[in-house]
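Trainee: I have a chain to go through. Could we start with one helix and then look at the packing?

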Amino acid sequence: MNLGFDTFDTFRFKQLVFVNSAAYAYTQIRIDQHTALFGENNLGKTSMLNALKLFLLPEVNFRNCGSKFNFRGTNGNLYDGMASFRYYFPEDRTFIVLEAENPHGDFCIVLHRGGATDKMEYARMVVPCPYAKLEPLFWDVDADTNGGIGAPIESMTLQGVKTTLREMGGEPLSDRKTILERLFTNQPYDKKAGRYSLLPLRNGAGQREMDAWRKLVHLAFDISASDERTLPDTLATIIEGQKSRKEEELLLDLNAIVEEAFQLREQGDRITRIRNASDSWEKFNERFQCETQLRSQAAKAYADLNESVEVEEGRLKEALETASRFLTEAENREDGLRGIKRDSDKAVSNTDVEVRANSRLVEDLRKDINAAYATLNEFPNGTPRQEIIKSLDEYIDQQSQAIKGYDDKAVAQQEIGKICDRLGGNERQAKRLDERLTNRTPTLLDDLTVSDASILNSLNRSLGTTHGVLTREQKEVFTQFSQQFRSEDDHLALGHLHERIALSDIPYQDYDAEKTRQQMQDTLNELKTRIAQDKKRRDNLLEESNMSPEEIARRRKQADKELNKAQKDKNALNALDANLQTLESREGELREDEEKLEEQKRQRDKADVQWREADENRNKARQGLKTLKDQAQQVHVIRQRLDPIGKDANNVLEGRHKVIQPTPCEVSEANFEALQETIYELSNLRTKVHHQLRNLLTMSILPNADSQAHLSSFTSDQVAEFHEQLKAVFDNLDTQEANYRHQVERHNMTTNSQVDILRSAKHLVSAFISGINAEMGQFSISDLEEVRVDYKLHPRFEQLLTDLDKADLGGKELQDSKVYEQLKAFQADFFNSDARRTGILLSLDKILAGVHYKYRKRGEEGWTTNAQSNGTTMMITTNLLSVLMSRLMDGDAQVTMPLVMDEFGSLATQNMRTARQIAEQHDYCLFVANPNRDSKITQVLGNYVHLGLFHATQAYAENRTVVHHGLCESLARKGTLTRRPADTRIEGATLSEEEADL
């Protein structure tokens, strides 16, 4: 977040940890400083560097591993997905951890196996704390096992680690969309959204931004640009990513242009064919109309004759109807009696259900009543029911408050405060009462009788609070004086019954010393009981505030159980009287239902007898109807001469006779022969119509109709449909010609705009490279005064632009076939075997044939493209990488990340130092690997890690034993093990004799 002066949000990669992965049992490497990895070959140094891609890219599996991660072996060949998956995540107890930092604090990304091994899936969890808090989950650094280098956590499981990480505030990032939002989007003002921001892309984590970032990652891991496509592909993706809209990208399908031109040419040819076939259409249309008319006449004749034959069959119809009526009546009676029987069965079943339900209800009432009596028995005999209910209400309130405290700590804290306040007040009041009871001295009224003392106390309350002992004379005086008064209607009266004077302003105040003391004692006891209860409740709440979530859940469950039981007990007590009354009523209803059930069973048995008799009669009527039908079958032979004609007519008439209202006619041989002649004539006419239709279909007038031109026959519906389609074609021929002209004009305009896109792509590349060179001109390396990025477009692309500039793409006629042949030829040369397919898009990376560097040495005028040393190339590419990253990253963010140089040892010492200085200028940390320890690398970088010095005899797996961490032990001169800090060195440090021998 930029505050208006030179401040930046810092994003830093701090360390990388392997747990039971690759060749490592447990290896912990800092990557926020220049670091060299030393160790023998096949130890996994390069794969450790490559593992950073698992964090830098938003992937969740190793499918299409080559295009995603570009993992390569020493021979340059790509590793396949399953090999990479098994290498980095060989089992469930495998983890790779990246510790990072952003403006919101330290956090860790933990990679582990995903849900589907066969799909090569891995998953990630993010945790809002530094790695030091996670280390005890993966390795016991302080254990004496393995000679003091620590020991594996035997109880470590994938599920256990995930559970612990969640308890520490961790959360899984399971899908690609969430990974992009949480890891690759800068949220400087929203801590929750930006807590795990790893790389703050300037325009968010869109698809184009991520494509560009993927190319930069591959460039960062191929800093020497040994792959000739690394720089062209990277620059092309960055250029497209900077465009403001997706529609501006260069994704041109030249085959689509050629295909559309081919389709338009075919469309023009088709319009010509339609115009030439007009005479054939007129003949077909005329005969089609005749056939339709003749078919209607033949259908009418057949329908009339068929109806007349049916009249001859009427003799049996009445008999069949009568028999059918008898059968219907028998079936109706059987159906009605079956319904009565079914209703009787249902009534018995329903009443039986009611009896059972009432029985259960009576039983439930008895249970509730017994439960109420059981609750009453829990209290002392004679305790009023309302007091018991009040006690239960208090208990329910206590449990409800306890549950609120379990659910909400703020409620628990509030209750603790209330209890403490109440406890303090009760303790003070109890203390005062106790002191009064302990220090109580006799008052002037204690030696008098209760009656005399009460009279005097009513006259003067101070006599009951004044301490002292009366003399005998004083006692007698007080007694004689008090006997002048008496109590009447809670007030004093002077004198006796007939001579009394009512003192209505003086209420009677009872005074009993022993009773007063007992009341004070009772009040004190009640206060002590409340104090004890409050202390217990306070202690429980304090204890619960420190309990584990599991214990709180258990206590809450117990409190909820006790609350439910108390509520049920209270409800049972409240409903006791009503339940007793309801029970008596329900028992009476149950007896009535049982009597009703017996009567319904008798009615059911009666209905069953009647239904069986009706069923027998129905079967007899059915058999009689079957006999009549057998007789009617003999009459049906009469139709055998007409049926073949009907079947033949179906082929010609297409069922038209079925929708015609027939007229009775004479059933004669003459009418039958006339029908046959009409059908024969209709068949010949239909053959001619089909022949003319086939000729029209072979002319390619209708789309996708050529295959149907060879059908042996058509239905009348098919002929009618083709007739309708052809009619629409010939009726709209003028409109089709006008539409065709408009389409050609639109095609020419589209072709012209597509060619403009090609021309603009060339200028866009040139402008982008110029901008890059303006920034690259700020750097100088070794003896090079200036370095530029140069590029070369594909020569076939340049030739295509030249050829198209000669064509007139703005005309109203379809372009000459030569223009489209040039596009096809370009596509064939450019895409080889894919040239004929549409959907093969011409993108910017395809026309950018090559990218290389131009150099001008110090003191020289001319430029050269001669290859420089690997070190010089790496330093130049480092500058280029920084320039390109600045276009992707948020301008207010400073990203400190490792820069991988796998061939660092081949550089001269001076070039090493220059590489370090250049990396530091751009906030990179060099992360290099070398098979042997190199003093030059150590002196330049200052920090190194020698992998392979320590192997655990007790590890997670036999083939993953390498251990390195901040407290790893090293070999001393005499071969003993001593503990020392992390295996790193500061710049300029010399090697000890022991280390020099390693």
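**Helix α22 and the cores**

Mentor: In α22, the buried residues (under 20% relative accessible area, 1.4 Å probe, protein chains only) are Ser716, Val719, Phe722, His723, Leu726, Val729 and Phe730. Seen down the helix axis, they fall within an arc of 145 degrees, so they line one face. The arc is taken from the directions from the axis to the C-beta atoms. This is a predicted model: local features need pLDDT of at least 70, side-chain atom pairs 80 or more, while totals for chains, interfaces and linings use all residues. Residues are numbered from 1 along each chain, and side-chain values use heavy atoms, without hydrogens or water.

Trainee: Which residues of α22 are exposed on the other side?

Mentor: Exposed means over 50% relative accessible area. An α-helix has 3.6 residues a turn, so residues three or four places apart point the same way. Opposite the buried side, the exposed ones are Asp717, Glu724 and Asp731.

Trainee: Which helix gives the most to the largest nonpolar core?

Mentor: A nonpolar core joins buried Ala, Val, Leu, Ile, Met, Phe, Trp, Tyr and Cys through side-chain atoms within 4.5 Å. The largest has 149 residues, and Leu54, Phe62, Trp213 and Phe904 have the most contacts inside it. With eleven residues, the top contributor is helix α23.

Trainee: Are the rings of Phe95 and Phe138 stacked, edge-to-face or tilted?

Mentor: Rings pair if their centres lie within 6.5 Å; planes under 30 degrees apart are stacked, over 60 edge-to-face, the rest tilted. Here the centres are 5.2 Å apart and the planes at 50 degrees, so the pair is tilted.

Technical notes. Helices (H or I, at least four residues) and strands (E, at least two) are DSSP runs, numbered from the N terminus. Rings of Phe, Tyr and Trp (its six-membered ring) pair if their centres lie within 6.5 Å; planes under 30 degrees apart count as stacked, over 60 as edge-to-face and the rest as tilted.
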